[in-house]
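Dear colleague,

I am passing on the structure we spoke about, and I would be glad if you could look through it alongside the notes underneath.

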Amino acid sequence: MADNGFDVALFGSTPLARLVAGILARDHGRRVLLIGREASPQRLPRTIDSALPAATRPETWSLLRAGELETLRLLGSIGAAEAVSRITVAVHGDTEATAVALAHIAHLAMGFGMAGRSTGPVHTFRDVALLNADALSPKLAPWLASLGVTAADSDAAQLGFLKSGAAELTVSGERVAAAQIVLADDPALLDLLPEAQRPEQLIVQPMTATLTAPTRRLPAPVVRWPARGITLLRRPGDSVLALIDGDTDTETRLASALPGPFPLARLATSRFRRVVTTDGAPLIGRLKPSKLTILAGLGDAAVFLAPAIARWLAGVSSDDEKRWFAARDPARPSRETVAEFVP
């Protein structure tokens, strides 16, 4: 905090938050304060970071596919190319509405160069980029330090609110000036943004992450059941990491998506909360009167949007990017043109 002033103070511990902080410093010359903490390697993952958006809007696919290439180049430049693998993802459209939406998404995916095929209600997407956050994490801290990004632990930082409603940042009891304060992941939104100031489009969703004993082999490394709120990731030895949306009928829904044999032991389970939107579209922009900037509802593909988000925060977006972000601003009176399919 040597000069006690930053262009951007960014709250977040996810790969997205940390990559955005680094890009802002490296490519845009911003003075960045990154407030977060390293995730424990013992904690179950809370996301499966893959470049396969559940998006029905072609402009989102265009942004994501360009961002994927940029992100891969960035990871290669910091010696973290091995943190990304190429996998197959199988998505089940086992209700009529989900099948229709999936057919549209599959059509868009192929139009933007992602190979795939349909077999009944299941669509298989090939060559999908999957980020291993545990493999990336050791590379990020030295990279960020080399760029001059100042790091602070989230326990040391607090947000207060002035009479005007504007947010005020303090770190270790010291007031810190920042031109922009960004809440870049769900824990930051949940911990720091008062409920009364949350846009009405935001929903807090309970989640369960569980690691099973070895099962019969999944048909693909990642299997999604959108209508059942289940995402499965095949782990070494054929154990399965399952992410389960919501807190009702979790056991029944999970059992319906797993291949067995049953009963199937759980090796670990954790519960947490995530932030989603009522219409399935991202919510990105500055709030009034707090002047806080939020990044919400970006889904599993969020990390691959890091370069575009950094440009937007730096005010140097392309015209297409400007339109994309403006359409998803919390101040926008209508969301009809950006709403996505919500199972």
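The notes below cover the nonpolar cores and then the aromatic rings.

This is a predicted model, in which local features need pLDDT of at least 70 and side-chain atom pairs count only at pLDDT 80 or more, while totals for chains, interfaces and linings use all residues. Residues are numbered from 1 along each chain as its sequence is written, and side-chain values use heavy atoms, with hydrogens and water left out.

The largest nonpolar core (buried Ala, Val, Leu, Ile, Met, Phe, Trp, Tyr and Cys residues joined through side-chain atoms within 4.5 Å) has 46 residues, of which Val 20, Leu 298 and Ile 309 touch the most other members. Among the elements that each supply at least two residues of this core are β1 (5-11), α1 (15-28), α7 (306-314) and α8 (319-327), the helices and strands being DSSP runs (H or I, at least four residues; E, at least two) numbered from the N terminus. The most comes from α1, with eight residues. Apart from this core lies another, of 26 residues, including Phe 6 and Leu 202.

Rings of Phe, Tyr and Trp (its six-membered ring) pair if their centres lie within 6.5 Å, planes under 30 degrees apart counting as stacked, over 60 as edge-to-face and the rest as tilted; by this rule there are two aromatic pairs. Trp 312 and Phe 325 are stacked, at 4.9 Å centre to centre with 10° between the planes, and this pair links helix α7 to helix α8, its residues being 13 apart. Trp 324 and Phe 325 are edge-to-face, at 5.0 Å and 85°.

Best regards

Terms used: Buried < 20%, exposed > 50% of the residue type's maximum accessible area, 1.4 Å probe, protein only.
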